[in-house]
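The exercises below ask for a careful reading of a fold, each followed by a worked solution. Please keep the coordinates open while working through them.

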Amino acid sequence: MNKNVLIVEDEARILEITSDYFKANDFNVFEAVDGQEALDLFNSNKIDLVVLDIMMPKLDGWSVCRRIRKNSDVPIIIITARSDEDDKLMGFELGADEYVTKPFSPKVLVARAKNLLKRASGSINSSINTLEVGGIKIDKSSHIITMDGKQLDLAPKEFSLLVYLIENKGLVLSRETILNNVWAYDFFGDLRVVDTHIKKLRKKLGDKSSYIHTLIRVGYKFEVL
């Protein structure tokens, strides 16, 4: 795949195993054992994906995620031993794209990473490469969105969600349906993660958010006018 992945993990054995799996799948791996080292590596290299532990010395994963998101929409997978739903929501609100709870399967983690990178590059469901509605233009192949001619920065999950909503305009979509299609795996967690991402999309779309309407109480019905 020849992508650069930054793995941030302070447990040596987990870091070694995770790195080995990514290397076996043709990733170039950068390793960090604390938050500050992670930021230093991220800022000095072209990183395509971040696998980020939360509980770390010097600087925790929340802080690292927040700082990365200030200037980058790189895909971020958060890994933690904590399974509390509020923690998961915190990660998504900070801009994480995936959330994995320890113990986890390195093989499944790599599969999720590959799928996330494919979605970030617009290579999934790209039979129609360009979508345009209401002044919003989406180039799925280049992962570029423009709004009234100006480029709009969206995180990978926000991009995938907006594409999915537009491609399914007028349909009634439950939260489960959205999670299984946009997140691309069965999601065992708080369904409010959909609400969180919709809220973030509305904020970024500004006046254009009127093109997305929540019309029914159970599930969602999205219309792009």
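**Exercise 1. State what share of the residues in the protein chain is buried, and give the helix and strand content.**

Solution. In this predicted model, buried residues make up 50% of the 225 residues in the protein chain. The next step is to count the elements, which gives eight helices and 11 strands for the protein chain. Turning to contacts with a separation of 6 or more, residues 24 or more positions apart account for 58% of them.

**Exercise 2. Give the strand order of the five-stranded open sheet, and locate its edges.**

Solution. The order is β2-β1-β3-β4-β5, and the pairing is parallel. The edges are then β2 (28-32) and β5 (98-101), each of which pairs on one side only. From one strand to the next, the twist averages 20°. Within this order, strand β1 (residues 4-8) and strand β3 (residues 49-53) run parallel and are joined by four bridges, and Val 8 stands opposite Leu 52 in β3. The last step is to place helix α1 (residues 12-24), which lies across β1, β2 and β3 and runs at about 165° to β2.

**Exercise 3. Decide whether Ser 19 is buried or exposed, and find what it touches.**

Solution. Ser 19 lies in helix α1. Its relative accessibility is 1%, and because the limit for a buried residue is under 20%, Ser 19 counts as buried. Leaving out residues up to four places away in sequence, Ser 19 touches Ile 7, Val 29 and Glu 31.

**Exercise 4. Determine how many cavities of 30 Å³ or more there are, and which residues line the largest cavity.**

Solution. The count comes to two cavities of 30 Å³ or more, and the largest cavity holds about 40 Å³ of space. Its lining is made up of Ile 7, Val 8, Glu 9, Ile 14, Leu 15, Thr 18, Val 51, Leu 52, Asp 53, Ile 79 and Phe 104. Sorting this lining by element, one finds that those giving two or more residues are β1, α1 and β3.

**Exercise 5. Describe the four-stranded open sheet and the helix that packs on it.**

Solution. The strands follow the order β6-β7-β8-β9, with antiparallel pairing. At the edges are β6 (130-133) and β9 (150-152), each pairing on one side only, and the twist averages 25° from one strand to the next. Strand β8 (residues 144-147) runs antiparallel to β9 and is joined to it by three bridges; the bridge partner of Ile 145 is Leu 152 in β9. Helix α6 packs on the sheet, where it touches β6, β7 (136-139) and β8, and its direction makes about 110° with that of β7.

**Exercise 6. Identify which residues have the most contacts inside the largest nonpolar core, and which helix gives the most to it.**

Solution. As background, nonpolar side chains tend to be buried together in soluble globular proteins. Here the largest nonpolar core has 50 residues, and those with the most contacts inside it are Leu 6, Val 50 and Ile 138. Helix α6 (residues 156-167) gives the most to this core, contributing seven residues. To follow one of these residues further, set aside the neighbours of Ile 138 within four places in sequence: the contacts of Ile 138 then include Asn 129, Thr 130, Leu 131, Ile 144, Ile 145, Phe 159, Leu 162, Val 163 and Ile 166. Apart from the largest core lies another, of 17 residues, among them Val 51, Leu 109, Val 110 and Leu 116.

Definitions and conventions
Residues numbered from 1 in each chain as written. Predicted model: local features only at pLDDT ≥ 70, side-chain atom pairs only at ≥ 80, totals over all residues. Heavy atoms only, no water. Pairing = 2+ DSSP bridges. Axes fitted to C-alpha atoms, helices over the stretch in contact; angles between N-to-C directions. Contact = heavy atoms within 4.5 Å. Core = buried A, V, L, I, M, F, W, Y, C linked by side-chain atoms within 4.5 Å. Buried < 20%, exposed > 50% of the residue type's maximum accessible area, 1.4 Å probe, protein only. 1 Å grid on protein atoms, 1.4 Å probe; cavity = no way out; pocket = protein on both sides within 12 Å on 5 of 7 lines; lining within 4 Å. Points joined across faces, edges and corners; volume = space filled by probe spheres on them.
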